[in-house]
Structures are given as C-alpha cells and as structure tokens.
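Q: Please take a close look at one small part of this model for me. Then connect it to the rest of the chain.

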Amino acid sequence: MKPFEIADGIYSVGVADWNVRNFHGYSTEKGTTYNAFLLIDEKVTLIDTVRREFKDQFLKNISKIIDPKKIDCVISNHTEMDHSGSLPFLMHIIGAEKPVYCSKMGFKSLPLHFRPELNYQALENGSKLSIGKRTLQFLETRMLHWPDSMFTYLKEDKILFSSDAFGQHYAGPKRFDDEIDDLILHQAKKYYANILMLYGRKTGKLLKTVEEMGLDIKMICPDHGILWRKNPERIIRKYEKWSSQESKRKAVIVYDTMWHSTEQMAEKIAEGISDEGVEAMPLRLGRCHRSDIMTEVLDAKAVIVGSPTLNNQLYPSVSEFLTYMKGLKPRGKVGASFGSFGWSGEAVRLIRQELEEMEFEIPDPGLKIKYVPDAAGNDACYEFGRKVGKAIGK
Ligand code: FEO
C-alpha cells in the first residue's frame, strides 16, 4: 500500500496485509491493513506503527514522505502487536531517546512487550500535546478493547485517530468510505461482533462521552481498513446500534452434524421458526466460520444450538463455538438446544447449561431425537421451531 495524503500534511503510511486469512481466530477473507499516520508539523509525529513482519515496507512508506530520522515523537494508541510490532525497529532508526506517548495503561503494557528502555511517556486522560500548528488531545478508551487503548483527536483538522474502533478487516484498492459500497459496513459489523461485542456497554458510554465532549469529527481514521471521511456520523450511529445489542426477529440456528440427523433437525426447526414470521438462518459449523456466525448473532434475537452427542460430550466444533460465543457475551437473547443421539444424548443438556450461563431466555428444555428423525421426529422439530419462534415475540 502506497502512502497517501488524507489532509494537508497528514499521511497514511500503513501497510496492507493482503493474505492474512486468520486473525487470532477470526476469519479475514478480505485481508486487512495496519494503518499508521504521519503528521508533518514542527514536531513530526507518527501515530501507531504496523505489524513487525511489515516493518521494512513501513519504513519505506515513511521515507517516501520524510526522512524517518526527522520523526520527533510517536503516539501509541494501542499496545497490541499489530500496531506496535514495528516500534522497537522504528525507534532504533529514529532514535530510542525520542518520546513514545501512550496511555497510563500503555505505559505499563508496552515495556512488557518491548525494550523497557524506550522513552515511554504516560498521558493523562483528556490531556493535550502541541506539535506546532496542531494540537492533539488524548482520550482513554480502556477495554475498547485492551486496557491501554486510547483515541487521539487532532483538533485543527477535526480528525479522530480511533485505533481499532470503527475498523474493518479489509485490504483493497479503496481507501475511503466514499470510494466503496456498503459491503464495507458488513466488515465493520463483523469487526464489532468479534472484537468489541463483549464491551457493548463500555462502547455505548464512550460514544456518549465523545458526544458530551462536543468533538467536531470530520474524519475517523481507524487502524484497520478504510477511513471514514464522507460521513463519519454513519459509522458512529452503527456503533450506537450494535453496542445496544438491538436485535431483530431473526434466529441463528448453529449446529454441526455427524450423519446429517442433527442437520435434518436444524432444517425442520428453521421451517417452524420461519412459519412464525421470524427470519431463520441454519448455519453449519465447519462450513461457516465462527466469526461469520457471530456477525449474524449480533442482531439476532435467538440463537438455537444443535449438536450430536459424541462420547457423552458435545461435538467438538459445537463446544468450541459455545466457548467463543460465551466470551463475546451476547445479551438479551432467546436460546434453545437440540441434537440427535445414539444411546445417551448428553449434548442437548450440555448446550442448555452453557446458554443458561450466558443468561439466555430458554423457552424449552431442548429437543433430542434418537438416531434419525422419522416423520414424527420431523414434526417434533417443526413444532419446536414454532415454539421458539413464538418466544421471540412480535
Ligand atoms: Fe488491531 Fe487490538 O489490535
């Protein structure tokens, strides 16, 4: 990715990772970018770095704009290594004595990742830093999504450098929201669902704080994907909606299957749910990635989980999915469990226990069918779907 100017004297100098397809367990079918920003002012300032594997390309990008040795200070909005991995290399080039500004929590976490002797400078929440004609203001965004996370707001140009927030895993030829169609919103939703869903309440509070601060935001520059310049308000409104976990009349039926019996049950349950006027999505694990399923779970009112019983346990893919979903803490859902079994049939109970721990509303103790559903079994699945559909309400 070539560097490009986003405003007068402000450049995006990050890199594209075209081929990453698994980002710590999240599927990234469009690759991603690691965005970093160079501000040419009396103090030349760099906001964030990139993943370590891309350090040479990063340095080349900076060199196309300015001699990297002229960088006076670095702002680290976030310690995670996709944004800080090149920091030791960069500081070696530009001078290890130069300040690396970060949040108070970043001050604790950066030395645990990299050379403790770097000149880390902790910033107070809300503090300002003049870099010449421009002023940067810092806003702690703790646990969105790490303890160290923060935003940097550039007052004169009205740009919010938002770290992971408002990001999307997308590496492509487009750079801005006005150059790309609405499919980018799906990537933004997937990002929110898999990275930020568990911090929904904090996200909602942060959005209110930003509003109360009266920040005039002309452009939002996240550390992944395209930059929001045409209508930054639009992605803020999406975040308000997602963080409230507002749901629609939609049920995600997530399952896996050994010999297609649990699959047959899933399809009949979906029919019953649909006949109650609820959108039903039967999604099979192993064919659909858990991160895509969670994107659908975000705005679904119900999550119905199905598993065969294998060696008295859940099918491993279902167990993995439940662990992943539990960590993301979906709220306010209706849940139910089902599955085919041979001789013991523990899976349905085990799923129900997990859903109870997630505080789902459970309208039925669950449906299990021995071996292969016959006509009566199919009818039972259909009626089970109707019952769950009714519990979703109007
Ligand atoms: Fe893109 Fe939390 O790192």
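A: Strand 14 (residues 150-154) and strand 15 make a hairpin with 4 residues between them, strands here being DSSP runs of E with at least two residues, and helices runs of H or I with at least four, both numbered from the N terminus. Lys158, in the turn, has a positive phi of about 60°. Please keep in mind that this is a predicted model, in which local features need pLDDT of at least 70 and side-chain atom pairs count only at pLDDT 80 or more, while totals for chains, interfaces and linings use all residues. Residues are numbered from 1 along each chain as its sequence is written, and side-chain values use heavy atoms, with hydrogens and water left out.

The two arms of the hairpin pair in the antiparallel sense over 3 bridges; strands pair if DSSP finds at least two bridges between them. Within that pairing, Tyr153 stands opposite Leu160 of strand 15. Strand 15 (residues 159-163) has another partner as well: 4 bridges join it to strand 16 (residues 219-222), and these two run parallel. There, Ser163 has Pro222 as its bridge partner. As background, strands of a sheet pair through backbone hydrogen bonds, either parallel or antiparallel.

How enclosed is strand 15 by the rest of the structure? Of its 5 residues, 5 are buried, so strand 15 is largely enclosed. Buried means under 20% relative accessible area, exposed over 50%, and partly exposed in between, using a 1.4 Å probe and protein chains only. In a regular strand the side chains alternate between the two faces of the sheet. Both faces of strand 15 are covered, with Ile159, Phe161 and Ser163 buried on one side and Leu160 and Ser162 buried on the other.

From the hairpin we can step out to the interior. The largest nonpolar core has 58 residues, and Phe166, Trp228, Ile235, Tyr239, Leu322 and Met325 touch the most other members. Such a core is a set of buried Ala, Val, Leu, Ile, Met, Phe, Trp, Tyr and Cys residues joined through side-chain atoms within 4.5 Å. Helix 5 (residues 183-196) supplies the largest share of this core, 8 residues. The core also draws at least three residues from each of domain 1 (4-243) and domain 2 (251-392), whose bounds come from an automatic or database domain assignment. One of its members, Leu322, touches Val305, Leu314, Ile351, Glu354, Leu355 and Met358, leaving aside residues up to four places away in sequence; a contact means heavy atoms within 4.5 Å. Apart from the largest core lies another one, of 28 residues, including Val13, Val15, Ile94 and Leu110.

Leu110 leads us to helix 4 (residues 104-113), where the buried residues are Gly106, Ser109 and Leu110. Down the helix axis they fall within an arc of 105°, so they line one face of helix 4; the arc is that of the directions from the axis to the C-beta atoms. Turned away from that buried side are the exposed residues Lys108 and Leu112. The cover over the buried residues of helix 4 includes helix 2 (81-84), helix 3 (87-94), strand 10 (99-103) and strand 11 (119-123).

Strands 10 and 11 belong to an open sheet of 7 strands in the order 1-2-7-8-9-10-11, with mixed pairing. Strand 1 (4-7) and strand 11 stand at the edges with a single partner strand each, so one side of each has no neighbour in the sheet. From one strand to the next the twist averages 25°. Helix 4 packs on this sheet, touching strand 10 and strand 11, and its direction makes about 120° with that of strand 10. Axes are lines fitted to C-alpha atoms, for helices over the stretch in contact, and angles run from 0 to 180 degrees between N-to-C directions. Further into the sheet order, strand 8 (residues 45-47) and strand 9 (residues 73-75) pair in the parallel sense over 3 bridges, and Ile47 stands opposite Ile75.

Finally, the whole protein. The centres of domain 1 and domain 2, taken over C-alpha atoms, are 38 Å apart, and their contact takes 16 residues from domain 1 and 15 from domain 2. The secondary structure comes to 12 helices and 23 strands, and buried residues make up 60% of the 394 residues.
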